[in-house]
Amino acid sequence: MNSTDVRSTATLMNYVYAVGAAGDALDSVLPGRTGTHGGSLRTVRGGGLVALVSSVPRDAFDTDGLRAQMEDIQQLEVLARTHHGVVEAAYQHATVLPMRLATVYLDDTRVTQMLVERALEFGDLLSRLAGHVELGVKVYADPREAATASTAAMAPDERAVTTPGRAYLRQRRVQHRNHRDAYRAAGVVAAEVPHRVGALARARLAHRPQQGDLAPGAGENVANDAYLVEASRVSEFHAGLAGLADDVPGVRVEITGPWAPYSFATPSAEGSGGDGGRR
């Protein structure tokens, strides 16, 4: 082993993005693509499976390095974007199981060992997900939009006021009513979604509603569900929800995807994240 090999072994570790069935499909993802921290993508095989990996600096993914990345919103965004970009590219070529963000192993030998040990689990997941994609359905409540629609629908004499005090009191009543009604209506719409598309989905998972920077759209996210759907039925899924909230002021339904099925494919986090290269 020359000095370069010694240095690489001592300072690098493997970042694992996704796992798929052994074959040539994932090799077509590799040319011209890099992973996090600029490492070239490659594959590691074991147990009839193949892992899509790249080499990363060990000091960036040991306990202290990973904590620093997770606490820096810009670094975390770059890491997540790169990770998801690799997974999505892989899913265009083959069914894969996305690994959790920052899943790292000491070296190729440890990755191979992981694949062999979890071959049955991963194989079952891959069989279940073959030919499927993930679609997201988000329902938003927007009291401001409801208030605008309510005001526009008022008769001229209802909008007329005689004093600032009366105008203020009326405005407060309208705001309270619209806020209450918008959230109530959003709940009714959210409850209707699985009735319309449940038969088209193999599985459904309710996520925590998104807040802050994760929900940049107008209104508040009150429902955030993921559906596992056959790729051939995506159009049917969209048709099933068409017009669901068109006549409900202050309520919006958003369909996202299709994506690689993160919500249904991500294996449990054995061997993941910032372990300092001990695995």
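**Helix 5**

I began at the N-terminal end of helix 5, where Asp107 acts as the cap, with a side-chain oxygen lying 3.2 Å from the backbone nitrogen of Thr109. I note at once that this is a predicted model, and that I read each distance in these entries as a computed value of that model.

Next I asked which residues of helix 5, spanning 108–117, are buried, and I found Val111, Met114 and Leu115. Looking down the axis of helix 5, I see these buried residues fall within an arc of 100 degrees, so they line one face of the helix. On the other side of helix 5 I recorded Thr109 and Glu117 as exposed; Thr109 is also the residue whose backbone nitrogen the Asp107 side chain caps.

I then looked up what the buried residues of helix 5 pack against, and the partners are strand 1 (12–21), strand 2 (42–46), strand 3 (49–57), strand 5 (104–105) and helix 6 (119–129).

**Thr11**

I turned to Thr11, which I placed in helix 1, residues 3–11. Is Thr11 buried or exposed? Its relative accessible area is 34%, and because buried requires under 20% and exposed over 50%, Thr11 counts as partly exposed.

Setting aside residues up to four places away in sequence, I listed Val56, Pro57 and Arg58 as the residues that Thr11 touches. I also noted Asp59, which is 48 residues from Thr11 along the chain, while the C-alpha atoms of the two are separated by 7.3 Å.

**The largest pocket**

For the largest pocket I noted a volume of about 820 Å³. Its lining is made up of 25 residues, and those nearest the centre of the pocket are Glu134, His207, Gln210, Tyr262 and Ser263. The elements that contribute two or more residues to this lining are helix 4 (73–91), strand 6 (132–141), strand 7 (201–207), strand 8 (220–230), strand 9 (251–259) and helix 11 (262–265). Which element gives the most to the lining of the largest pocket? I found that strand 6 does, with four residues. Sorting the lining by class, I counted 10 nonpolar, nine polar and six charged residues.

**The largest cavity**

I then searched the whole structure for enclosed space, and one cavity of 30 Å³ or more came up. The largest cavity has a volume of about 30 Å³, and the residues lining it are Val137, Val139, Ala190, Val193, Ala223, Asp225 and Tyr227. Strand 6, helix 9 (164–197) and strand 8 are the elements that give two or more residues to this lining, with the largest share, three residues, coming from strand 8. By class I recorded six nonpolar residues, no polar ones and one charged residue in the lining of this cavity.

**Asp225**

I followed up Asp225, one of the residues lining the largest cavity, and located it in strand 8. With a relative accessible area of 9%, Asp225 is buried, since the cut-off for that term is under 20%. What joins the side chains of Asp225 and Arg204? I found a polar contact of 2.9 Å between them.

Leaving out neighbours within four places in sequence, I listed the contacts of Asp225 as Leu135, Gly136, Val137, Arg204, Leu205, Ala206 and His207. Two of these names recur in my earlier entries, for Val137 also lines the largest cavity, and His207 is among the residues nearest the centre of the largest pocket.

Technical notes: Residues numbered from 1 in each chain as written. Predicted model: local features only at pLDDT ≥ 70, side-chain atom pairs only at ≥ 80, totals over all residues. Heavy atoms only, no water. 1 Å grid on protein atoms, 1.4 Å probe; cavity = no way out; pocket = protein on both sides within 12 Å on 5 of 7 lines; lining within 4 Å. Points joined across faces, edges and corners; volume = space filled by probe spheres on them. Nonpolar A, V, L, I, M, F, W, Y, C, P; charged D, E, K, R; others polar. Buried < 20%, exposed > 50% of the residue type's maximum accessible area, 1.4 Å probe, protein only. Arc of directions from axis to C-beta. Contact = heavy atoms within 4.5 Å. Polar contact = N/O pair within 3.5 Å; in protein donor to acceptor, adjacent residues only side chain to side chain.
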